[in-house]
Amino acid sequence: MGDKNRPTLVRSYIEACTSSNLIPFLTELGFRLDHEFVLKGYMFRKGRMKITVSKVFVMLQPGNTSNLEALSDSYLVELSVVAPSGQDAVAEDMKSFAEQLRPLVQLEKIDHRRLFHT
């Protein structure tokens, strides 16, 4: 979980265009493919907010997207906003929207940095 004092988790990201040979390139750099999955679902927008509701599927054969198995019966709901740093009003808007979903969905802050250290 993230910082309890912040209404949302804030992290930086870098967006880059790639060509179709990204996986062979990363393999040549010494990376190895850890896992591969497919998301099937819906994306909604509300202003700058992006809400995705999707199911996570695993590929029974690597690279074969026609042979999938659902990871669980649950849906993954993700709420995200791209905004310049220091805009706390955006975080409050996200928290308010998450509260509206609360009867149906329990949104939690997931600190991705901690997932790798456990």
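**A quick tour of a predicted chain**

Okay, let's start on the outside. Leu22, Phe25, Leu26, Leu29 and Phe31 come together as a nonpolar patch on the surface, and their accessible area adds up to about 480 Å². Before I go on, please keep in mind that this is a predicted model.

Let's stay with one member of that patch, Leu22. Where does Leu22 sit? You'll find Leu22 in helix H1, which covers residues 22–28. Is Leu22 buried, exposed or partly exposed? Its relative accessible area is 35%, so Leu22 counts as partly exposed.

Now let's step back to the whole chain. There are 3 helices and 4 strands in it. If you walk along the sequence, the order goes α-β-β-β-β-α-α. The protein chain has 118 residues, and 15% of them are buried. As for the surface, the accessible area of the chain is about 10,100 Å², and carbon and sulfur atoms account for 55% of that. What about contacts along the sequence? If you take the contacts between residues at least 6 apart in sequence, 48% of them link residues at least 24 apart.

Next, the strands. Strand S1 runs over residues 37–46, and Phe44 is in it. Phe44 has a relative accessibility of 46%, so we call it partly exposed. Which residues does Phe44 touch, leaving aside those up to four places away in sequence? The answer is Met49, Lys50, Ile51 and Val53. There's also a distance to look at here: Phe44 and Leu79 are 35 residues apart along the chain, and their C-alpha atoms are 9.6 Å apart.

On to strand S2, residues 49–59, where we meet Lys55. This one is a bit of a puzzle, so let me take it slowly. Lys55 is buried, yet it has no salt bridge. Which side chain of opposite charge is nearest to Lys55? That would be Asp73, at 4.7 Å. Why isn't that a salt bridge? The cut-off for a salt bridge is within 4 Å, so a pair at a greater distance doesn't count.

But Asp73 has something else to offer. Its backbone oxygen lies 2.9 Å from a polar atom of the Lys55 side chain. And Asp73 isn't alone around Lys55: leaving out residues up to four places away in sequence, Lys55 also touches Val38, Leu39, Lys40, Ser72, Ser74 and Tyr75.

So that's the tour: a nonpolar patch on the surface, a partly exposed Phe44, and a buried Lys55 without a salt bridge. Thanks, everyone.

Conventions: Residues are numbered from 1 along each chain as its sequence is written. This is a predicted model: local features need pLDDT of at least 70, side-chain atom pairs count only at pLDDT 80 or more; totals for chains, interfaces and linings use all residues. Side-chain values use heavy atoms; hydrogens and water are left out. Helices (H or I, at least four residues) and strands (E, at least two) are DSSP runs, numbered from the N terminus. Buried means under 20% relative accessible area, exposed over 50%, partly exposed in between (1.4 Å probe, protein chains only). Lys and Arg count as positive and Asp and Glu as negative; His and the chain ends are not counted. A polar contact is a pair of N or O atoms within 3.5 Å; within protein, one must be able to donate a hydrogen and the other to accept it, and residues adjacent in sequence count only if both atoms are side-chain atoms. Contact means heavy atoms within 4.5 Å. Patches are made of residues with over 30% relative accessible area and no salt bridge: like charges are joined within 9 Å, nonpolar side chains (Val, Leu, Ile, Met, Phe, Trp, Tyr) within 5 Å. Accessible areas come from the Shrake-Rupley method with a 1.4 Å probe; for residues, only the protein chains shown count as cover.
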